[in-house]
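Visitor: Could you take me through one part of this model up close? I'd like to look at the largest cavity and what lines it.

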Amino acid sequence: MCSVFSLKPCSNVAISADSSITESSWKRNCVSARAQVIVNVTTAAPNKRSSLLLKQLGIPHSDLRVEEIVERQSSRKEFYSSFSTDHEVMSRKIKPKLDGEFLDESYERCREICAEYAKTFYLGTRLMTEERRKAIWAIYVWCRRTDELVDGPNADYMMTNSTVLNRWEERLEDIFNGRPYDMFDAALTHTISQFPLDIKPFRDMIEGMRMDTWKSRYQNFEELYLYCYYVAGTVGLMSVPVMGISPTSSASAQTIYDAALYLGIGNQLTNILRDVGEDALRGRVYLPQEELAQFGLSDRDVMSGKVTDGWRELMKAQITRARSYFNLAEEGASHLDDASRWPVWTALLVYRSILDEIEENDYDNLNKRAYVGKGKKLLMLPLAYTRAQSRPPTFLTNN
C-alpha cells in the first residue's frame, strides 16, 4: 500500500464487501462544499482542443461516520461518560499497569523508528510536549506496522490469508482494553489511557489493509477517496486528540478534524501520483478508470510508460486536485495547539513539494519517482516553523 507509512509500492486494493459505505451512497451529490472542487482542464490533441472537467467528489463524511469520532474524541469527560455502556470505553477508565522502565523503553523504541523512517516529521515532533510527542511516535509505529502487514516481506502470504488481519484487529481491541502484546503495543495502550482516542479510525485503517488485498482498479474518484480515507485520512483523525486544539481557536472541532482528514487525503493522492510508474510495473492502476477515459487514456497507456500530451494534461488535473486538499488542510493546521503545529506544517509542505517535483520532471511519473532531497526538506523547516507561529483565524466556517 502506498500510504504515508509505506516504503514500498502499493499492493492490490479493494472495497470490502462488508463495508458500511455502499456504491449508491458514493454517487450521491451530497458531498460538502469543501470537498467539491471542479478543476477546469484544457487538453490538447492533434488538430483539436477540448475543455474537460475533472470532478472531485469525495464521500460525504457523514457516510464515513466521522462526526461520531469527533464527538467521542473532542472531550475526555464526554468520551468516558456518554458511552459508559460500551465495554471498550469502560475498560479504558482503568489505567493500564505497565512497568515504568518497560514503558520508557517502549516509547524509546517508537522514537527510534519514527526518527529513522520519518526524519523530517520527527524533527517537528521534538517541539511538542513530551507527553504529546511520545503519543505521536506510538501512533506512527502502530500505523507503520499495520501497513507492513500487506506491504512488508510477507505481503504475498498476506494477500491470500485474511486471518492475519483479523488477528491484528483482535490485537487492536486488546490494546484498547489495556492488554498489550509487546512493547510497541504497550506504548499505544499507555497513549490511549492519556488521550481520548477512539478505536474507529484504527479499525478503519485495518479495513484499508483488507481493501489492499484484492482490488487493483478504481472505477471512479469516489472509490479512490474511500481507499485514501481508510489508509491515510484516518491518521489525521487519530492525531488531533494528541495534537490538541488551540484554546484561542474559534473553529468547530468538526472543521478541524475535517482539515486533518483532508491532509491525509492529499498525502495519499500525492503518493499515488508519485508511485504510478512503480505500481504499473506491479500491474496496479490507482488512477480512476473514468478519468483515464476522460483524457483518452487507458490502462495500456499507463503500462506503456510513454509520456504523451494527454498524459501530461491528466497529471496537471490530478496535481491540481491533490493541491486543493492541501489547501483545505491549511485551514485547520493553524487551529491546532501552538506546540503541535510545526510537524503538521512540515508534513504538509514536504508532501506538497512532491507535486512540484513531478512538474519539474515534465510529468514523467511513469519512469521517474519524484523525490524531495534532504536539502530541500531542511529548507522547508524554517518556513514550516513560521507558518506554525501564525495565529489561528478568528473565524472559520464549518462544512
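Guide: Here is the cavity, followed by the helix and the core beside it in this tour.

This is a predicted model, so local features need pLDDT of at least 70 and side-chain atom pairs count only at pLDDT 80 or more, while totals for chains, interfaces and linings use all residues. Residues are numbered from 1 along each chain as its sequence is written, and side-chain values use heavy atoms, with hydrogens and water left out.

First, the setting. The protein chain has 19 helices and two strands (DSSP runs numbered from the N terminus: H or I of at least four residues for helices, E of at least two for strands). Of its 399 residues, 58% are buried, meaning under 20% relative accessible area with a 1.4 Å probe, protein chains only.

Now the empty space. Three cavities of 30 Å³ or more turn up; on a 1 Å grid over the protein atoms alone, a cavity is a set of points where a 1.4 Å probe fits but cannot get out, and lining residues have an atom within 4 Å of a point. The largest cavity holds about 50 Å³, counted as the space filled by probe spheres set on points joined across faces, edges and corners. Its lining consists of Leu224, Leu269, Ile272, Leu273, Leu287, Gln318, Arg321 and Ala322. Helix 13 and helix 17 (309-333) are the elements giving two or more residues to that lining. By type, the lining splits into six nonpolar, one polar and one charged (Ala, Val, Leu, Ile, Met, Phe, Trp, Tyr, Cys and Pro count as nonpolar, Asp, Glu, Lys and Arg as charged, the others, Gly among them, as polar).

Helix 13 itself (residues 253-274) is mostly covered, with 21 of its 22 residues buried. Its end C-alpha atoms sit 32 Å apart, which agrees with the 32 Å its 22 residues should span at 1.5 Å a residue; the expected span is 1.5 Å times one less than the number of residues.

Leu287, from the lining, also touches Tyr218, Leu273, Val276, Leu292, Trp311, Leu314, Met315 and Gln318, leaving out residues up to four places away in sequence; contact means heavy atoms within 4.5 Å. In the largest nonpolar core, 97 residues in all, Leu287 is listed with Trp142, Tyr225, Tyr229 and Trp311 as touching the most other members. Such a core is a set of buried Ala, Val, Leu, Ile, Met, Phe, Trp, Tyr and Cys residues joined through side-chain atoms within 4.5 Å. Helix 12 (residues 221-243) gives the most to this core, 16 residues.

Methods: Buried means under 20% relative accessible area, exposed over 50%, partly exposed in between (1.4 Å probe, protein chains only). On a 1 Å grid over the protein atoms alone, a cavity is a set of points where a 1.4 Å probe fits but cannot get out, and a pocket is an open set with protein on both sides within 12 Å along at least five of seven lines; lining residues have an atom within 4 Å of a point.
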